[in-house]
Amino acid sequence: MKWHFIPQLACYVETGVTQRDQFRNDEVDLYDTIVRESIQNSLDATLNGSQTRVSFKWVSMDGEPGASYVENLFEIQIDHARSSGLELEEVNFSYPSALIIEDFGTSGLTGSTQEKDNDNFSDFWRRHGKSHKTGTSRGRWGLGKLVYSSSSMVGAFFGLTVRHNDPGRYLMGQTVLDLRTHEGKEYPPHAYFGEMLGSDDDITSQIPVPTDDYEYIERFSRHFQLNRQTEPGLSVVIPFPHKVLQPNNMIGIAIVNYFYPILSGQLILEFDDLVINAENIR
């Protein structure tokens, strides 16, 4: 598992990521968008007859061995982040932090992990500005998933999924940075953390894929304190979240936007140790 940065091909049009402005402007803040987008997508993926539970958890790693693990995880990526112009003064690899968003009672990212198709896994990881959600779906994985990388001071996030029809666990990562020149080469915004299938001699045949290695995923889950084991759903890890992403900002947004599904028993929310459900929302 490593970061894969592929230089911008000369024949491709340079396309910047301009949609970030919709997540943080005079009318809406980042904490508003990440609450709405993540919960909406979880509700869309609810299994028939299940209750959806979405957990927001803030974790920190005070010193070793977590600090070394996270620093190694971002080898190469952090240099690209600097080249893209991100302000990294507050990123402290000696005391890493993360925002963990996990949903339960959902289907997970269904579809092929090894090739592009029209299912949720490819929509989430391999498409930008396009998805196959229907008009009744609340979430917007076409652009909404951009909020995850936008929420990280290093412009990256990871996703661990278990699917309801598949006992495996699949881990992958993505970084979305501005167009940049790094070590004399131009690079597009998107890059992946994972494994790469395809021939090294034919870049057009390559496709990033997740790992399902048990030991690797166990170590990742332990350091980031994930709750998911075999339960279907999606766990999103946002390393070094922006300071504005705090429970006191996000709880009110969640209640205002999701009062009815909570009151009807369809949805349970957790913000660290605080549980919001049908019994206490009033």
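Colleague: In which loop does Asp272 lie?
Modeller: This is a predicted model. Asp272 follows strand E11 (267-271) and precedes strand E12 (274-276). Its place is the loop between strand E11 and strand E12.

Colleague: Is Asp272 buried, exposed or partly exposed?
Modeller: Asp272 has a relative accessibility of 36%. Buried would need under 20%, and exposed over 50%. Asp272 therefore counts as partly exposed.

Colleague: What is phi of Asp272?
Modeller: Asp272 is a residue other than glycine. Phi is nevertheless positive there. The value is near 55°.

Colleague: And what is phi of Glu183, in the loop between strand E6 (180-182) and strand E7 (185-187)?
Modeller: Glu183 is exposed, with a relative accessible area of 73%. Phi of Glu183 is again a positive value in a residue other than glycine. It is near 50°.

Colleague: Which residue does Pro65 join through a cis peptide bond?
Modeller: Pro65 sits in the loop between strand E2 (52-60) and helix H2 (66-73). Omega of the cis bond is about 0°. The partner is Glu64.

Colleague: Which backbone oxygen does the side chain of His4 reach?
Modeller: His4 is part of strand E1 (residues 2-4). At 16% relative accessibility, His4 is under the 20% cut-off, so it counts as buried. Its side chain makes the contact at 3.0 Å. The oxygen belongs to Gly194.

Colleague: Which residues gather with Glu215 in a patch of negative charge?
Modeller: Glu215 is in helix H6 (residues 214-223). Its relative accessible area is 56%, so Glu215 is exposed. The patch lies on the surface. Its other members are Glu195, Asp212 and Asp213.

Conventions:
Residues numbered from 1 in each chain as written. Predicted model: local features only at pLDDT ≥ 70, side-chain atom pairs only at ≥ 80, totals over all residues. Heavy atoms only, no water. Patch = residues over 30% accessible without salt bridge, like charges linked within 9 Å, V, L, I, M, F, W, Y side chains within 5 Å. Areas by Shrake-Rupley, 256 points an atom, 1.4 Å probe, with all protein chains shown as cover. Salt bridge = Lys/Arg side-chain N within 4 Å of Asp/Glu carboxyl O. Lys, Arg positive; Asp, Glu negative; His and termini not counted. Charge placed at Lys NZ, Arg CZ, Asp CG, Glu CD. Helix = DSSP H or I, 4+ residues; strand = E, 2+ residues; numbered from the N terminus. Buried < 20%, exposed > 50% of the residue type's maximum accessible area, 1.4 Å probe, protein only. Polar contact = N/O pair within 3.5 Å; in protein donor to acceptor, adjacent residues only side chain to side chain.
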